[in-house]
Amino acid sequence: MYKLDLPIDHKEYAAIERRRNMEAQRQSRIFNARVRTIGVDLDAIGQQVADKQQMEDYEKRREEAFAADAVRYDKIAMLLQKRQEHDIRELNQALNEFRALHQQNDSRREWDMNDPDALKKDKPARVTDDDPRCGISGMQKFEGEDLNNKARNKFISEQRRAWSEAQTKEKMEAEQAQKKAERLHELKMRELDQRAMQLKDAEDKCRRAINFATTDFNAALAREAAEKERLHKQQEEDDNATEISNSIFGDLLTENPGQAQSAFGAHRVIPDRWKGMSPQQIEDIKKIQEDQMKEKERLRQEEELRNKEWERQQMVNARAGILMEREQDRTLKELQKQLADENQRLAAEQKANLDYMDKEVYTNQPSAAYFMQFNKTSR
């Protein structure tokens with residue numbers, strides 16, 4: 001009718017075991033008096049963790065600020081370095097351009113002596129019979145056979161004039177290029193000098209402002225020191241005058257009797273200032289001594305009367321105490337007798353009550369197993 005061999009649900013079994021383990025761990029914590037009473041201050045630990053995290057955040061922000069400053073300084077240094085390198089490149093480029101344009105090798109006067117292609121460019125030893133280069137040593141043209149003297153001289157003159165004009169033009173161009181280069185160099189040097197002068201003026205202004213401020217501060221300090229010295233000297237003169245006045249009109253030189261009075265009371269005097277008692281003081285002392293003797297005699301008589309009255313009172317109180325003690329003993333004996341009777345009656349009633357409870361009421365006493373069923377769970 002009922003199917004009891006059902007398959008085991010492993011998921012439910014695992015959940016039950018997990019709950020059992022959690023309950024066992026909870027019981028170990030709760031039933032352990034040491035852990036339950038001491039424990040851990042989670043609030044203090046959390047506060048410590050928060051303080052540490054705050055300190056780490058502060059250090060991190062501080063390091064980031066330092067890193068940002070370092071990066072900014074590096075960028076500024078790189079920009080300055082790039083600007084300097086750019087200026088140097090511009091100057092070198094201008095110098096190279098000037099050399100390439102105005103200082104070429106073939107533009108020099110002695111280039112024909114140093115030209116490596118001079119032999120390739122040179123003409124043959126003789127081109128024609130009328131070659132002007134044919135000299136006497138070549139035995140190709142003799143004296144008196146110069147038929148092209150005028151044309152040759154004219155050609156030579158024109159060639160010299162052309163050379164002279166070319167040299168003059170070349171010289172003028174070189175001078176103009178040199179002047180242009182010098183003007184550029186002068187402009188650059190003037191710009192650098194002007195920048196240096198501006199920096200020097202700014203530095204001089206700053207130094208003058210610092211010197212003025214220092215001078216004013218030193219003057220203020222000097223005036224303050226002079227004023228302090230004057231006040232100190234005036235105070236010292238006033239103190240000296242006051243001391244002289246006090247010495248002249250003081251109690252020591254005027255022999256004031258009041259100076260011998262001590263600060264501890266009017267009945268005490270200072271020995272090194274006391275000049276002795278006056279006749280009136282001596283008379284007052286004698287009168288006070290007589291009054292003290294009379295007062296002492298009166299007190300002695302009163303003391304005798306009090307002693308006699310005290311002895312009489314002690315005798316009366318002693319007799320009354322003996323009577324009261326006897327009455328108290330009788331009363332105590334009666335009370336002890338009544339208390340003993342009452343205790344016997346109460347003991348009998350308590351015994352009867354215990355017998356009734358044990359025999360009639362508490363017939364089913366709990367065993368140790370009954371108390372063992374408690375404190376089995378932490379809930």
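# Exercises on a helical chain

Buried residues account for 4% of the 379 residues in the chain. The model is a predicted one.

**Exercise 1. Describe the secondary structure of the chain and the confidence with which it is predicted.**

Solution.
- Step 1. Count the elements: the chain contains 9 helices and 0 strands.
- Step 2. Read their order from the N terminus, which is α-α-α-α-α-α-α-α-α.
- Step 3. Consider the confidence of the chain: its mean pLDDT is 81, and 81% of its residues reach 70 or more.
- Step 4. Compare the elements: the lowest mean pLDDT, 59, belongs to helix H7 (residues 251-254), and the highest, 89, to H3.

**Exercise 2. Determine how glutamate 186 and arginine 190 are placed in the helix and how they interact.**

Solution.
- Step 1. Locate the two residues: both are in helix H6, 4 residues apart, or about one turn of the helix.
- Step 2. Recall the principle that side chains of opposite charge can pair when their charged atoms come close.
- Step 3. Inspect the contact: the closest N and O atoms of glutamate 186 and arginine 190 are 3.0 Å apart, and the pair forms a salt bridge. The cut-off for such a bridge is 4 Å.
- Step 4. Assess the exposure: glutamate 186 has a relative accessible area of 45% and is partly exposed, and arginine 190, with 47%, is also partly exposed.

**Exercise 3. Analyse the salt bridge between arginine 345 and glutamate 349, then identify the network that contains Lys200.**

Solution.
- Step 1. Take the distance: the closest N and O atoms of arginine 345 and glutamate 349 lie 2.7 Å apart in a salt bridge.
- Step 2. Relate the pair to its helix: because arginine 345 and glutamate 349 are 4 residues apart in helix H8 (residues 279-361), about one helical turn separates them.
- Step 3. Classify both residues: arginine 345 is partly exposed at a relative accessible area of 38%, and glutamate 349 is partly exposed at 43%.
- Step 4. Turn to the network: Lys200, Glu203, Asp204 and Arg207 are joined into one network by salt bridges that share partners.
- Step 5. Examine one contact in this group: lysine 200 and aspartate 204 meet through their side chains in a salt bridge of 3.1 Å, N to O. These two residues are 4 residues apart in helix H6, so they are separated by about one helical turn. Lysine 200 is partly exposed, with a relative accessible area of 45%.
- Step 6. Set these contacts against the total: the whole structure holds 18 salt bridges.

**Exercise 4. Identify the residues of the negative surface patch and of the nonpolar surface patch, and characterise one member of each.**

Solution.
- Step 1. List the negative patch: Glu229, Glu236, Glu237, Asp238, Asp239 and Glu243 form it.
- Step 2. Select glutamate 243, which lies in helix H6 (residues 149-248). Its relative accessible area is 53%, so glutamate 243 is classed as exposed, the cut-off being over 50%.
- Step 3. List the nonpolar patch: Tyr73, Ile76 and Leu80 make a surface of about 320 Å².
- Step 4. Select isoleucine 76, which is placed in helix H3 (residues 42-102). Isoleucine 76 has a relative accessible area of 42% and is therefore partly exposed. This value is above the cut-off for patch membership, which is over 30%.

How values were computed:
Residues are numbered from 1 along each chain as its sequence is written. This is a predicted model: local features need pLDDT of at least 70, side-chain atom pairs count only at pLDDT 80 or more; totals for chains, interfaces and linings use all residues. Side-chain values use heavy atoms; hydrogens and water are left out. Patches are made of residues with over 30% relative accessible area and no salt bridge: like charges are joined within 9 Å, nonpolar side chains (Val, Leu, Ile, Met, Phe, Trp, Tyr) within 5 Å. Accessible areas come from the Shrake-Rupley method with a 1.4 Å probe; for residues, only the protein chains shown count as cover. Lys and Arg count as positive and Asp and Glu as negative; His and the chain ends are not counted. The place of a charge is taken as NZ of Lys, CZ of Arg, CG of Asp or CD of Glu. Buried means under 20% relative accessible area, exposed over 50%, partly exposed in between (1.4 Å probe, protein chains only). pLDDT is the predictor's confidence in each residue, from 0 to 100.
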